[in-house]
Amino acid sequence: MDISSSLAGKVAGIQLQGSPSSTFDNANIIIRGISGLDVANPLYIVDGTPTLQENVMMDNVETISVLKGPAATALYGNRAGAGVIVITSKKGARTGPPRIDVNLSSAFEDVSLMPSYQNSYAGGYSSNSTSPGSTYDAEGFYLFKYKTSTHPTSWSTFNNQRIIDYGADESWGPKIGGQQYRPYYSWYPGADFGKLEPLTSQPDNIKNFFETGKNFNNSIAVSGGSPDIAYRLSYNNLSRSLVIPGANRNQHQVGFNGSYDINSKLMVTTDIGYTTRNTKGQPTEGYNLEGLNVAMNFNQWFQRQLDMNKLRNYTNPDGSLNSWNIGDPNSTGDPSIYLQPQYWDSPFFIAEQNYGTDIRNRFVGNMGFKYKINDIFNVTSFVRMNLNDGKGNFKVANGGLQVPSYETMQLSNNEMNYEATLNFRKGFNNFSLDGFIGGNIRTNKEDQLRNKTTGGLTFPNFFDISASVTRPITESRFRAKEVRSVFGKASFGYKAFLYLDATLRNDWSSALPAANNSYLYPSVSTSIVFSELLKGGIRDILSFGKLRAAFAQVGSDLDPYQVDIAINNGNIYGSNPSAEIGNQFRTGAVLPALTKSIEVGAEMRFLKDRVGFDLTYYVDNNTNQILGLDVAPASGFTTAQINAGNIQRKGWELAINGTPIKNKNFTWTSSFSFAKTESLVKELAEGLNTYLYGTQRNDFRIENQVGQPWGQAVGRLPKKDAQGKTVYTSAAGTLDYTINNNLGSVMPDFTGGSFNSMSYKGVDLTFGLDFQKGGQFYSLSKMYGDGTGLTAATVKNNDKGNPERMFPSLGGGVHITGVTPSGAPVDTYIAARRNYYTNGQRDTRNYLIDASYLKLREVRLGYTIPRSLLGNLKVKSVNIGAMVNNAWLISAPAKEFGFDPSELEVFWREGGQLSSTRTFGLNLRAGL
């Protein structure tokens, strides 16, 4: 489990942007909703060093803190506007003997959630016709028609054999009932050529594609110290294979942190981590027109009668490839033509032959010192680094539907931070004063090189850029950025009940115009621990009480090279290079975006801290957004860069913590979190009321509209006449529709969760739940799954009691009523495919799914072996446990369609969602 997933349900105000559990990607989170025109994710800090969450060694984590709101994050710079995840690593102790900690885990994962497929009808297009005609028989089978001018004489015996539309990647074919027919493989030369087979259902064919994934996560750490030294050395190995065949990852991580007192005044510290990772077969996500996403194949474009075991053997005796999605033998007798795949190769060929590899090496850490000047002042200085180097490739093999190709990638992303602070702390009488002043220089450099073959490979499966048939594509990118900062903080305290904190930071960013590259962000906060004023018996009830308030302002900048009009490389004309002006007009005078925030809250604990709550209310206004305003193409540009807009974010959060039961043998601690946030588009630019965030097929898009909550879903609705009757384009029954209809926000109404820990003698149980109410996402898998007849929702009887998939001329079809544009009545039965594919896509609501969910995310049951049973073993502690991750999607409207809303590929849409998995495992923790 990664950092983001581990926080789900435990911290108020977090919305999980989950990545599918059947891939290697980390999940991400949104803290307190969205504060700008785009979505931003938090900054991750490990022992003071900015890094990526994938660099974090989970077994090395001591504590995780979530900083929310500008007042809490102002000192972390412009990247902290979306919150900060502060991670502290485990450290060695300066007292006691050295310690060895071992953590061994073995886990196995299987697919836990898939769409509800129909198993009654085979592949084909017959349900797109109103009558069988001469093409199909009454049951919907496509018929082979022998032609002397087209087919070999030996095929004359095949005349009128039942076949199906092999080239159809849809399941609108005949009803499955054991009838004899020609499967696709009976058209390949060999022993099966010409054979008839019974048409049978394959309810587990998709499930049979997936394997059992394996996850082995093992770590060991050695720690200790002396009065002058503390150290901790750790090693972690993660070996994981996914449920998709051939996808695996092997990762090694080494970490070291230590401190050394050179003398009574000077201490040096270091904290470093090195990660090397090798990944093969990272699954392709999203709607992929190159046929590389097997989940998209299964859930959107497939035939339900296919036997997955037949698809495993995708190589013919002569070395060529076979596919279920062949052409039409009625059109030709030439196997080199009719055996060509139409849209899809075998999914096993895709998984085993068309894949990428990725090798990453990361070095994250810091080195610094602390010098004590006197009892009041000390100086600290650090060099922090986050170095990321990688290389990879992607292969598309010969013989399949796609043009064979080879692609390579190299990257180097490096960040360095140089910082120094002067710290002070002084107490006098009833007052306390502490704080610091400091400076930081951050440099970022990114260097990427990509090469890709074009036109195919000069020799089959010779994967090398030099094998490109035509001139290969070469792309390179270099970006550099520097931010210089000065900052300070002062904290005043009076009698341990009244506090006042103030921070000030100024950044100078190289990514902004020289005249506007400076921006200041102050914050001030105050708190009153009013419980310190209480006396007597009330303190037995109210253990702690605090009121707080804060104001802050933060700024943000741009990525490098976004200030002036761009000049890009153009296409090569013969041997002559070319350049072209970028599509965005820029004045070179853009200003930093600014966010002002007000926050108030209360924290109380009762009954000697047995139960407590923390309540927060906040309002942010994010102004001067940097956006691209659409302009007339005649200007030579498509957009103009401006500062404009105000996104107001407000909400409240509640966290409740308690220990309902605590006695000698049994302890139960529980926490509950709840948060409600709303981001409102208060204004955009003058004359601009809508700003486009994202688009999807069939006129669907996400817009930010003035006066509306962030992220309005906009799409199609059926057209109605003045009397409310449905309008069809003609009497044939094709639905008419309107566009630009608001369908609500994609953001949730509220989020929350609960985490519980119980222990009874040596037995411990922990489990976590999280939930989300509201929000919605657009599903291409449901749209095409329904439209291509794959889902169970497409198998129904009509009002005559006959199957909708039956030809309307024989009593089937879907009954529709309405009017034509001229007002003529429409009352007819249309073919099932027209209803679910053509008409279905003209009402966006059919595929806009409620993103609410309640989920039991994790469970662990452990047992600590009593020390007395360990005998003479030199073991301090042993705990064995069983664990389940992604344990149970208890409730979700999307569940019946095969989706877990907490694992979407993008929080507002999915284009080819990978399946969810559930993981069962065993864990051993030992201290030596």
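These notes go through the overall build, the surface, the aromatic pairs and one buried glutamine of a predicted model.

1. **Overall build.** The protein holds nine helices and 44 strands. Its radius of gyration is 32 Å, close to the 30 Å that the globule rule gives for 928 residues, so the protein is as compact as a globular protein of that length. The C-alpha trace spans about 105 × 75 × 70 Å along the principal axes.

2. **Burial and contacts.** Of the 928 residues, 50% count as buried. Take the contacts between residues at least 6 apart in sequence: 69% of them join residues at least 24 apart.

3. **Surface and charge.** About 41200 Å² of the protein is exposed. Carbon and sulfur atoms supply 55% of that area. Positive side chains number 87 and negative ones 79. The centres of these two sets lie 6 Å apart.

4. **A tilted tyrosine pair.** The structure has 45 aromatic pairs. One of them joins Y136 and Y142. Their ring centres are 5.9 Å apart, with 50° between the planes, and the pair is tilted. Y136 has a relative accessible area of 9%; the cut-off for buried is under 20%, so Y136 is buried. Y142 counts as buried too, at 13% relative accessibility.

5. **An edge-to-face phenylalanine pair.** How do the rings of F144 and F158 meet? Their centres are 6.4 Å apart and their planes stand at 65°, so the pair is edge-to-face. Planes over 60 degrees apart earn that label. F144 and F158 each lie in the loop between β8 (142–143) and β9 (162–163), so the pair ties together parts that are 14 residues apart in sequence. Both F144 and F158 are buried.

6. **The ring cluster.** F144 and F158 also belong to a cluster linked by ring pairs. The other members are W155, W187, F193 and Y338.

7. **Q841.** Where does Q841 sit? Its place is the loop between α9 (832–839) and β40 (848–850). Is Q841 buried or exposed? Q841 is buried, with a relative accessible area of 10%. Leaving aside residues up to four places away in sequence, Q841 touches N698, R716, M783, Y784 and Y847.

8. **Q841 and D137.** These two residues are 704 residues apart along the chain. Their C-alpha atoms are separated by 29 Å.

Terms used:
Residues numbered from 1 in each chain as written. Predicted model: local features only at pLDDT ≥ 70, side-chain atom pairs only at ≥ 80, totals over all residues. Heavy atoms only, no water. Helix = DSSP H or I, 4+ residues; strand = E, 2+ residues; numbered from the N terminus. Rg over C-alpha atoms; globule rule 2.2 N^0.38 Å. Buried < 20%, exposed > 50% of the residue type's maximum accessible area, 1.4 Å probe, protein only. Contact = heavy atoms within 4.5 Å. Areas by Shrake-Rupley, 256 points an atom, 1.4 Å probe, with all protein chains shown as cover. Lys, Arg positive; Asp, Glu negative; His and termini not counted. Charge placed at Lys NZ, Arg CZ, Asp CG, Glu CD. Phe/Tyr/Trp six-rings, centres within 6.5 Å; stacked < 30°, edge-to-face > 60°.
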